[in-house]
Each structure stands twice: as C-alpha cells, then as structure tokens.
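Okay, thanks everyone, I'll keep this short. Let me put the structure up, and then we'll walk through one chain and one of the contacts.

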Amino acid sequence: MTNRLSQGGLIDRSVTIPFRFDGVTYTGYPGDTLASALLASGVRLFGRSFKYHRPRGLLSAGSEEPNALVELREGARREPNVPATMVELYPDLVAASQNRYPSLRFDLLAANGLLAPIFGAGFYYKTFMWPASFWERLYEPLIRRAAGLGRSATEPDPDHYERATLFCDVLVIGGGAAGLAAAREAGRSGARVVLCDEGSRLGGWLLSEPGPIGDRPAAIWAEQTVAELQTMDEVRVMPRTTVLATFDHGTYVAVERVADHKLMPEGGEPRQRVWHIIARRSIVACGATERPLVFGGNDRPGVMLSGSVRTYLNRYAVTPGRRAVIATTGDDGWDLLADCVRLGVDVAAIVDRRGTIAADRLDLARRAGAQVFAGGHIGATAGARRLSAVEVLDSGGKRQRLTADLLAMAGGWTPAIGLACHLGAKPVWNEESSAFLAAEAPPGLRLVGGAAGLIGLVQALESGAHGGAEAASACGFAVAVPAMATHSEAAAPLWFMPANRQKAFVDFQHDVAVSDVALAHREGYRSVEHLKRYTTLGMATDQGRTANVNGLALMAQMTGRDIAATGTTRLRPPHTPVAIGALAGMHRGRDYRPTRLTPAQGWAREQGAVFIETGPWLRAQYFPRTGEDDWLQSVTREVHAVRSAVGLCDVSTLGKIELVGSDAATFLDRVYVNTIATLPVGRARYGLMLREDGFTLDDGTIARLQPDRFVITTTTGEAHAVMSHLEYCHQVLWPELDVHFVSISDRWAQFAVAGPRSRAVLQAVLDPGLDISGDAFPFMAAAEGRAFGGLRIRLFRISFSGELAYELAVPAPQAETAVRALMQAGAGEGITPYGLEAMSVMRIEKGYAAGGEINGQTTPRDLGLEKMLAKRKDYIGRVLMRRRALQEASRPTLVGLRPTDRSARLHGGAHFLALQAPATAAHDEGWVSSVAFSPTLGHWIGLGFLANGAARHGERVRAYDPLRNRETEVEIMPPCQFDPEGVRLHG
Amino acid sequence: MVERDLEAVVLPELAMFAVAPRRGEALRQRSQRALPTPLPECGRTLFTDGLRTVCVRPDQWLVLGEGTAEWLGALLAEAFGDAANMVDVSGAYVGMRVRGAGSRAALGKFLPLDLHPRAMQAGHAAATLAAHLPVLLWQADDMPTYELLCTRSYAASFRRTMELIGVF
Amino acid sequence: MRIPCPHCGERGNDEFLYRGAAGLPRPPADATEAQWHDYVYLRDNPYGSHRELWQHVHGCRRWLVVTRDTRTHVIAAVTDVSMALS
C-alpha cells in the first residue's frame, strides 16, 4: 500500500482484508472503509460525474461524499450509489465504479465534456422539443440510457428487513464529542437513553483529530466514554444507525445497517432494520459538514476537503497525496498543516484568504517548509486524471504554479440542522457563525455542538453535557445541569473567486457549476427555490450537503441581496437515502397487508373456489368444475342450481353488529329510515341508513331476537364505517340512550342456503325444537336455536337471490364442520356451492340494489325505495334528503334494462342517451350501474339510473360507452326482471 | 442447538362475553362480591381460577373463561342480572401467549407500545394496531408473559406475522 | 403524529379516525333546511387552534375532542366526548 503511513490510525494492521474494485484485487485493514483502503493503495480515480463524465476522486471521508459513489456487491444484492466512504471493509467485498463506459479510465461519454456549453443548466427545458414525434421514439430512450448514476439489482432481494419500535426518555442523535457528553450526562441520571450514530464506531470528529481531551487522545476518550455508556442498563448505544427523519411529537425514524458490513446477513438477522423511536426529549448532535471552496478546477481528483484529509491521516493512517497545497478561509487549514508536520506529509503552500497571519502560524509554516500566501486564492488546477499542479494567485494577483497532487480546501462549516427543520422550522442565517442555524427547534428538541453552530471541541463537550442533563431533568430525573459554553471559535467566512478560467463546481454530484448559477440568474430564476429546480443544485443523492450554502451564497452575491434575505430551500426527510425495502420491512409480496379469511376458507379451497379480494377479505367468486373453461360457464351453472334446486354461499364477510339495551329499538329507529321499534320479536326487516347529508350510507337487515336484543348486518365494505357511525351517534349525539353494541362479524360464520329445496336441507340439520315449515317460519322470520346436534345457531329467512332462502349463522370455530355437514345433508337435493358472482347475477335479476347502486351518491328516492321512509319519526338524514334538487324529475332513478337485440352484451358504466340525441354531456340522462348475463332469462340484463326512470318503462334508449367505442340499444324495464310478485320468496 | 429466550403457544378456545352496564349501574362494585374475578379499571386485567376480566375502554369489559359459552353466560347472568347488557363473542378471537426474557424485544418488532417495565407491568392491558392487525393484549406476569388476541378472520395473517418476527 | 388518548395514553395517529370540527350543535328535528345545510357543510378553517373530533378506532373506540394547532400540530388538550361541552 503506497499511501499508508507506517504508524498510527484506528486500524488493525495484524489482519489483512482482501477485496475487489473494478475487477482489481486490493487489501486493507479492519477499520478501513472502501475509500480509505483504495486511497491507501494509490487509487485516485473513483467515478465519473453525472452529466459531463469528468474524472472524479474522493472529496470527503464521510456520508456527505458526492463523487465516489460505487455499486456495491453483485447479483441480487447489488446496491447502487453507495458512497465508498461509508462502506466498512469486509473480506471478499466486491465493488464497481458507476456511470462510465467502458471503464473509469477511458469513458466514452467524457465527450459530453466537449459539449459542456450546450449541456448547462436548463438544457432539458430548451431542447428535445421538436419534432414532437421524436420524443417517444428517440429522445426519451436516449436520455433514459444516459441518465442516472448506478444500476439497481434486477433480481428479487434475498434478504429480509425488519421494523421495530423503541421508546426512551432522551434520544441523542450523533455520537461525536457533543453526543457522547450528552448521552453520558443523561445516562448517569438513570434516564432511558438511546444514542444513535451513523458510523461503525462512535466518536465522530474525535476519531479524526488527536485532541487531546484532558490527558487522553480524543479517540481514547471516545472509546472510554462508550464503554461507560455500555455499562448503563438503561442506555442503548446504536452504531451504524442513521436517524433519517423527525416527525411530530417526538417520533423519529432511523435505519440501522445490521448486516451491510458483512458479505451477507448471518443467523437469520435482517439486512437492515428501521426503527420508530419515540422520545420525550431529543438532542441533535449531528455536527457540521465542511464546505468546499469554489474555484476553477476544484473538481479534479486530489482536490479534497481539509477536514477529510485530516480524517484520512489520523483515523486511517492514509495520506491522500505526496505533496499538498492547503487553501483555507479560516483556521481549519492550519490544523491540517499541524497534522502534516506531525506526520511528515510534504506541504508546498498554504493559501489563507485572510490578509493577516499570526506569528505562531507563520512559524508552523516555516517548519513545514510551506510557502504562505496571505490574502491569496486558487486560480486553476492541472492534471489529466489526477491533480498534478495548482496555480496560486497572491494578494497582488501574481500567479505561481506549484507542483502538488493534493489540494485541501477549508471553506468553513455548515451545521447539520436538517433534523431540527423537518417539521417546517425555517433555517435562519447567522452572520457571526457564517451559517444557517435552526432558530426555532421543535418542542423537546435541542441542538448542541457543531449542529448548533458551536464549533470547537470544548464547545461540543460543554453544550453536549448541558443538553443531555437538561433533557434528563425535563424528564423528571434528578441531575445537576452544568453550565454551558456560549462562545464559539471564529467562523470561516464565505468567499468566492471573482472570475474563473476553468469550470468552478458548486454541486459536484449534479455537475452544477458557477456558470450554471449565473445562467439561472440571467434567465430570471433567482429565488433559491427556482435556483434549485432550474439547475438541479442540491437535488442529487447527497441533497446538496456540500453545495447548498455555496450555491445560495453565490446567488445572493449575484442578486446583490444578503444571504439572510436569500434564505434556503426546505429541508425534508430522509436525511440520507434509505432503501424502500427497508421501510417496507415485512410488508412485501403476499405479506404486504393482512388478509381476512372467512371461517370456512378451508372448505372453499377444497371445493376449488376462485377467490377475489374485497378490501382485505378473500371471498369465493365462483367454484369451477372440471371441464368448465370460463367463469361464465361456472356462474351460469351455479345460478341454475340455486334457482332449480339449492345452493350454498358463504356470506360471513358481511358486517354483523349485536345491539342490546332497553333503548336499542329507539336507537335503531333514529339511524334507519324505516321504523324498527315496531319490528316484532322473531322477525327481520330490510333497512336503509343515511348520512346526515341525506345520501344512503348502507343497507342491511335488522333482526329482533329479543325485545331488547337486535342483530343488524352491513355490507362487507361499509362495516367499519357503519360501526364508527353508530358509535358516533351513541357517544356524541345520544349518550343518554341505554344501548350497548358490539361487532360480532368474527363471532359468527354465516351461510346462505337458497333455492326451492333449501328448506329440506335445513330441516335435515336443525335440531328438533325449531319449526321452519312455511307458516311457522315465514319470509323474514328470525330465531335462535340449535343444529348439528346441540350447536347454537341463528337462522334468518332472508333472501338476496329471490328464491326461498335462509341464512344460517354458526359459531365461527365450528364453521368448517358445519358447512361440510350442510353439504352432506344437501347432497341428495343437489346442493351446489355458489360464489359472489352468481350471487350478483341473481340479485341483479331481482333488481336489488348493491354496491354499484349504493355508492354514496344515491338517495332512497334514487333507489326507488321511498316507500321505506317512515313518516312519523325523525332519523338521520331526513331533512337534507328532501332537498329540492334531490326530488327533481330529471334526477336519475333506478331502472332495469335489457338489450333490444337480446343477443347483445351489456357493459357497466355506459351512459344513457335518447335515441336521436347527440352524444354530448348536455344530453347525458344517466348511467348503467350493474350488468350480468342472466341464465334465467337467457340474455344480458342490467340496472342503472335514468332521468325520470320510473315513468319511462318500455322506452328505448342508447347505452353509450365512448371509452370503449361501443354502444347498445336498450329497453328500460322495472328493476326486477324476474318473479316480480315474489312468489318464490314466499314459497 | 441455540436456546431461545422466548416461547410462544396458541391459546385454547375461550368463552368470551362483552359486558356493559345498564344505565347508571355500578357494575364494578357489584363484581367485587358477585364474580370470582372482579371487573378492573380501564387499562387493566385481572385473573383468578380460569376467569379473566379485561378493560380497555371505559364502561366495557371483556370476560374470558376456560369453559363453555353457556357456563360463562349463566355465571354472568347470575352475577349481574338486569344490571348489565351482555353480548356473547365467544370464538371471535384467536389468541397467543408469548413469554420469556426475549419476548419484549421480539414483540417490539410488532407492537407500537412501550413494553419497558417502567411503562407496562403485569396486570396492564391495551388495544392497539400492530402491523396493520387489530390486537388486544395484556401482560400476565413478570416473566414477562404476554397474551395477545386478534380477531379470528385475521388468524392466518396473525400467525404469519409472528413467524416473520421470529416469535414462532 | 401522536395523540394522548385519555383512556389509553399517547398513541400514533394511525390508531385514530379523523372526523372534523367538534362542538357544532346538531340542529333540532324541526330546524330549517338552511340550518341543516350549515351544520353538514359549513366549516371554519382556522390557522391555529382547532377543536376537532377523532375516534380511537384501534384502541378504546371512544370519540375524543382534540384541541390541535393546525400550523404546528401541537396538541393542547384531549378529552373524551362525554366530558367536553359543545
């Protein structure tokens, strides 16, 4: 390893780790990242930039890295756009560079660089417009191929992901000096503390600089503090965990990289785990991100952030270059110079934007053998795929060319305030700190250390300790709150070169340069929001962490406004990219959402049912038999079976609510349009429920089992809404009523047994004691009883098919046994299972309203059910249902329809037009709501809503379907087209 | 073989009634002398001799018994008579018992509740939504042992979820 | 968002159903159509404190009156509807 220093670093030199990058094998040490190991091996070129395919090297050592994005792993686990600086090295790691063809060294698309003048910001808005036909055929496919950086995997992810919830008193975000101090204070008080850090090792900046803290090196202090925290039972230390988002009321979302640092997850562990952390108080100790300097040629491989160079030197014992030039606008560059002197790295020059340099610093530079350019700046850089020379301008403007392969930039620090702003707090520019600070943090959240603009080790430790103690105290734990540092080290001011010969980059990842900011300004896109979207500055995977402030400061300069007035764009979650698979956790594939199964699901599967989803429910749609190749065949057979013999249908999914109490009848009278109080014990009634605005909410049956005990049904889809509605009525409107109601949807399975032979089948299973002969148990009778040898049941003679029919409720745990017993009892009568589809056909034949008609937009009058409306009681929806507009003749009302050509097919959704009327909205007279092929009648039939429908039976109209380019002439009928007298019902 | 620090079993079928007071009746008071296990305050559960009472909403209780619905119905009718409105909901839920030192961490992947001993102790009960499933649960003892109920139609998904988080 | 239910403690908003403004007096049976129209359709839209109805559907199933600031989501008070006055 050519660039590895012989000593130092937080690495374990006794173990060698082999890995591959772009097909070449290298080695590194435990403690290395992919970036540090490659840098140690002399690799300078890490990627090609997004638009111009310029050669790029590492800019940084952390998660803010914009250039060195790699594809990690191969095959199904391949992950694109991973910053090499965040990849913990492990044996047999495989990674590849991105966005280049055929290789990193020779990238054909670097030709884009020649077209740079055309490819500036706003390029896409001004080109690819003509001819319009070329867009789909040529432009889009071309752009799609050229766009993007990495490639995601194309095979299913073999790993699994978890989600978990964690509660604590104090959440400390960031495990650097400030975070460790905060966690220690809070932890010592006995509070429940969670400490999260994105790194594999806690310490943050303490791992990048020697310190000391007290008498120990900074890294040792960090290690010892972590060890102390790990002895505390109520403190949970979470490395490799990035807090992504702040939500209301102390809720945070974090992602823990459980197994990303291994070849693959072990022992059943998930690859990543998403945490919902609920904290009473939180401390944001995320530190600050260093800013690059903006000058021509600042993107050449070898130009890096000064603080990151210190990280490579101190933490990884790697020198990114042999001969360095340091450019600084504040004190930070001098700290790097001190490290270089200590570690023996050659420094050619230090360029300090400030005109006056302190004597001890001049002395340091002399010891380093480095030239000092006070008041100087960088003019340009040179080098094909790596930096080879730097042109420096002195305070007088005189140019000097220096040989160097490393240029370290120290442009000041941007506090990482994102998490404090996710709830909408606007960052405020602080002139003294040369930084945006979160002035108004959400309640319970406090920023400390660098994130609060308090730069410096002492400031971090003191503000962290203060914040942690205060948070624990606020949670009720006894702890003395130490005093807090208020002053900060002097901040580096922002400064930009007046003119650049070469391209000066602002956003490295999206290839946005000063010329693009100037273009946006010229074209009038001068607000920060426009600047961002027009140039795409800050919109890449790094979200402009090293670019935003420079970008808006440049725009402020160009517009002549100050930075405070220019402001910044809104900071939103997630703070760093997170895989959607991690957020999904276990909810993927068939586990996306829970499924609700009826108690007789097993039986239905055995019978070969084809299932259909209704919300979370699986319902049997039809039961195909061998030899039937399409659903129409099966459904037709099922309908014939019900109407000629007997059929069995599982109707368990309907909502069922049991109401008990001396005021149960009164309560039901107030929610249904028809009178319930007069319902005798042992009888059921069809009921309609309205919303307060007069539109139908739901329909169902009400059965009275005892004077003060009712059972009502709802449609499957509205069960939850009806329950909440009833609870609202009871708790909010009429709490004085003595009624208690409970959902019994899951307590009872329910089967419809329908057809001329249904009575015989039921008589065979019912225990003696319940007489269901015609007069004893007439249409709409209801009773409790026993069947199948002692099992409690409920029986209702209600019919949705129009046949002699019953619904039998059995306790859910016995459903599988009961349904099989029913099938056996009915075998001699030809009992046939039927599903949702056949049920729909039969109710359409009878003209019964269902989901297509009761869709929240229809009133009882629309449905032809005005006769149900009680005249002498008040009920919900009564007044607004009678609004004039809802009574007009032109309002569409329920009709039946059939094609005049009986062989024609009908289609739902078609609209009604008079025969000679033009097909325009002005002549629209209604629509078709339900259609079915009627085996009973031998042709297609339907239900629909037609203006003044009741008066137009016999008339012919067009059913017009412009979406599918077809129309059918239909005859308007009464809704019930089969057995209108209900002879079969009362059989 | 790795020793697991938690075990999970499916609960047997229980008889179950939902009970609410008729207007003005002080059911909790009555239950002190009339039931082997009295009715608890909101957010709590009590258990003695095969009879459990649970309260997760004001003025409503679930009473669960290891026996038939007939037996439990008769017991409650005798205890409360006309003072209570009762609905038999036997069979509406399926249940699971999870116990052991590892159960808090495992259930932390499922329940959005604070299971830490400072926040939840034996005798506490709650209704919540976990992984899109409606769940009723209580802590039965300090082992800790938890019992969770889910409506029957969700039984297969409930089981599947417990497998995915490593409880089963 | 987390809502402190008076019966169940603080819970995530996915356990609740939102209805809208609380405290609107329901018109009597003999009220005019215009009064019913106002009750059903007209609402204030305050930029600030708002008293509203939520049902804790996945908890105690009680309807609650929540006083929430529509700008910041800060919840100032939560009471069971049986305790809240119109």
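So, chain C has one helix and six strands. Reading from the N terminus, the order is β-β-β-α-β-β-β. Keep in mind that this is a predicted model. The C-alpha atoms of chain C fit in a box of roughly 40 × 30 × 20 Å along the principal axes. Chain C has 86 residues, and 44% of them are buried. If you take its contacts with a separation of 6 or more, 46% come from residues 24 or more positions apart. As for the outside, chain C exposes about 4600 Å², with 52% of that supplied by carbon and sulfur atoms.

Now, the contact with chain B. How much area do chain B and chain C bury between them? About 810 Å², and 53% of that is on carbon and sulfur atoms. On the chain B side, Arg57(B), Pro58(B) and Leu129(B) lose the most area to chain C, together 50% of what that side buries. In residues, we have 11 from chain B and 10 from chain C.

What about charges and polar groups? There are zero salt bridges between chain B and chain C, but we do get four residue pairs in polar contact, both partners at pLDDT 80 or more.

Where on chain B does this come from? Strand S4 (51-57) and strand S8 (125-130) each supply at least two residues of the side touching chain C. S8(B) gives the largest share, four residues. And by type, that side of chain B splits into nine nonpolar residues, one polar and one charged.

Terms used: Residues are numbered from 1 along each chain as its sequence is written. Chains are lettered from A and ligands numbered from 1 in the order in which they are written. This is a predicted model: local features need pLDDT of at least 70, side-chain atom pairs count only at pLDDT 80 or more; totals for chains, interfaces and linings use all residues. Side-chain values use heavy atoms; hydrogens and water are left out. Contact means heavy atoms within 4.5 Å. Buried area is the accessible area (1.4 Å probe) that two parts lose on being put together, summed over both. A salt bridge is a side-chain nitrogen of Lys or Arg within 4 Å of a carboxyl oxygen of Asp or Glu. A polar contact is a pair of N or O atoms within 3.5 Å; within protein, one must be able to donate a hydrogen and the other to accept it, and residues adjacent in sequence count only if both atoms are side-chain atoms. Ala, Val, Leu, Ile, Met, Phe, Trp, Tyr, Cys and Pro count as nonpolar, Asp, Glu, Lys and Arg as charged, and the others, Gly among them, as polar. Buried means under 20% relative accessible area, exposed over 50%, partly exposed in between (1.4 Å probe, protein chains only). Accessible areas come from the Shrake-Rupley method with a 1.4 Å probe; for residues, only the protein chains shown count as cover.
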